[in-house]
Amino acid sequence: MKEKFKKVQFEVECIGMSNDGKGICYHENIPGFVDGLLLNEKALVETTYRTKQVFYAKIIKLINKSDKRVNPICPVSSSCGGCQLLHLDYQEQLKFKQNRVKECLKKIGDIEIDVNEVIGMDIPYFYRNKIQMPLKLVKGQICSGFYKEKSHDIVPIEICYIENKDADHILLTIKKLMKKYRILPYDEDKRTGVIRHILIRNSLMNQNNMVVIVSNVDSFPGRNDFIKELTKLEPSISTIVQNTNKRDTNVILGEKEKILFGKGYIEDKLCNVLFKISAKSFFQVNPVQTEKLYKLAIEKANISKNDTVLDAYCGIGTIGLIASTKAKQVIGVEIEKSAVIDALNNAKNNNIKNALFYCDDAGEFILKQYQEGKIFDIVIMDPPRKGSDEKFLSILLKTKPKKIIYISCDPATLARDLKILKKTYQINSVTPVDMFPNTIHVETVVCLSKQK
Ligand code: SAH
């Protein structure tokens, strides 16, 4: 339960930045977090929430500005909340992330180590190859945007500066044509209208796009004319899929799919391996940085033709397939069945014969392999945000692969897991890669080798 509090205004000075990019301040000896305030800045702020132990506040007026502050190029950056660092100079964002990884390793993992500079992007905008936006009728206008934090209110967005430019354009055309053909967005409360979300995926290689129309019905009036005109007006659309989701749920995609135009998938290449991407496939969202991440991970793994490599938490097999040309064999393990099917198909389509993929929990799988006497020379692991688990890590410590490459999307769980691995492994290098510029997220590649 939130305690009752009175909104008050006061001046603060920022003494540091929290992991989620807020400015850390003190007021009457109580610590607080201010959205968008940078180190050393002074501001008049107003509380948005307060307890006896902590306060949260927003800036009312900046009293003294940091020279690291830049004008955010996006007009809705403060209400959208998706790009928490857009007001910070990009080179400073990279330093913030480097420091964040270093601090996490020290505080959580008890690891004192130099963290390499973050590998950044030349142009840190318009990088996402996938967008998914809800549609909503706001004052009679069809709007698309992001949900405000912890709500289903939409912040209307015309141009998103981290999304693909094609996608913004296609969305505008979709909204125009929906109006023309009287196709309404779905209203969760009134249960009227038909279109819930629009998902657009872009292929960097082919410069074409897949549109997924998520609707709450299997068919709707005007659909055929709408599709015909949409593909005419937006020639970069190579395929359109309708996904039906009739459930009352926060999950965007439903089970049922129908191809309305084209092949039902797009293709993209990463490090010269071709991947088929359908509506539901997992594919890294920043293709330019993904290539840098994978190249770094594979280079650090130093794979030779005698090595059997485990690609743990492999998704659609991207890392393993790219590494396969260097290895004797690659084995991938992934818990999502559809991703494993994609991985197997990707191996086949690329004529890669030395890669196998299994659907299992990574810990269970490595345990079974160990019991059967199979061990791996090199392990590349890329777990989700919650990190790996004791089962997986304890078998690693028993079987002692000569190298472990840990790719992490959360420095806190990375630090927790490294604390376990460092008993037997030496940490050779820690290199963050900026997969999500302007946001607080940071990806890190850690290279570990068996202690002699
Ligand atoms: N390496 C891939 C995917 C990384 S995302 C890539 O770069 O594209 C992490 C993956 O771990 C997801 O595909 C998720 O489905 C999978 N996963 C989550 N928990 C798992 C578990 N316990 N065992 C195996 N895979 C798991």
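## Around the ligand

A polar side-chain atom of D382 sits 2.8 Å from a nitrogen atom of the ligand. The protein as a whole buries 87% of the 580 Å² that the ligand exposes when taken alone. Keep in mind as you explore that this is a predicted model.

D382 has company here. D361 also places a polar side-chain atom 2.7 Å from a ligand nitrogen atom. With I335, look at the backbone instead: one of its N or O atoms lies 3.2 Å from a nitrogen atom of the ligand.

Now widen the view to the shell around the ligand. There are 16 residues around the ligand, and those that come nearest are Q284, Y294, E334, D361 and D382. Sorted by class, the shell holds 8 nonpolar, 3 polar and 5 charged residues.

## A mixed sheet

Next, find the open sheet, which is built from 6 strands. Going across, you meet them in the order β1-β5-β6-β4-β3-β2, and their pairing is mixed. The edges are held by β1 (9-13) and β2 (16-17); each has a single partner strand, so one of its sides has no neighbour in the sheet.

As a reminder, strands of a sheet pair through backbone hydrogen bonds, and the pairing can be parallel or antiparallel. Strands β4 (residues 30-34) and β6 (residues 55-64) give you a parallel example, joined by 3 bridges. To see one residue pair up close, look for F33, whose bridge partner in β6 is Y56.

## The second largest pocket

Finally, turn to the second largest pocket, which has a volume of about 450 Å³. Its lining is made of 19 residues, and G16, M17, L39, F96 and N99 are the ones that lie nearest the centre of the pocket.

Which element gives the largest share of this lining? That is α2, with 9 residues. Helix α2 spans 90-109, and both α2 and β2 supply at least two lining residues each. You have already met β2 at an edge of the sheet. By class, the lining of this pocket has 7 nonpolar, 6 polar and 6 charged residues.

Key
Residues numbered from 1 in each chain as written. Predicted model: local features only at pLDDT ≥ 70, side-chain atom pairs only at ≥ 80, totals over all residues. Heavy atoms only, no water. Near = heavy atom within 4 Å. Polar contact = N/O pair within 3.5 Å; in protein donor to acceptor, adjacent residues only side chain to side chain. Areas by Shrake-Rupley, 256 points an atom, 1.4 Å probe, with all protein chains shown as cover. Nonpolar A, V, L, I, M, F, W, Y, C, P; charged D, E, K, R; others polar. Pairing = 2+ DSSP bridges. Helix = DSSP H or I, 4+ residues; strand = E, 2+ residues; numbered from the N terminus. 1 Å grid on protein atoms, 1.4 Å probe; cavity = no way out; pocket = protein on both sides within 12 Å on 5 of 7 lines; lining within 4 Å. Points joined across faces, edges and corners; volume = space filled by probe spheres on them.
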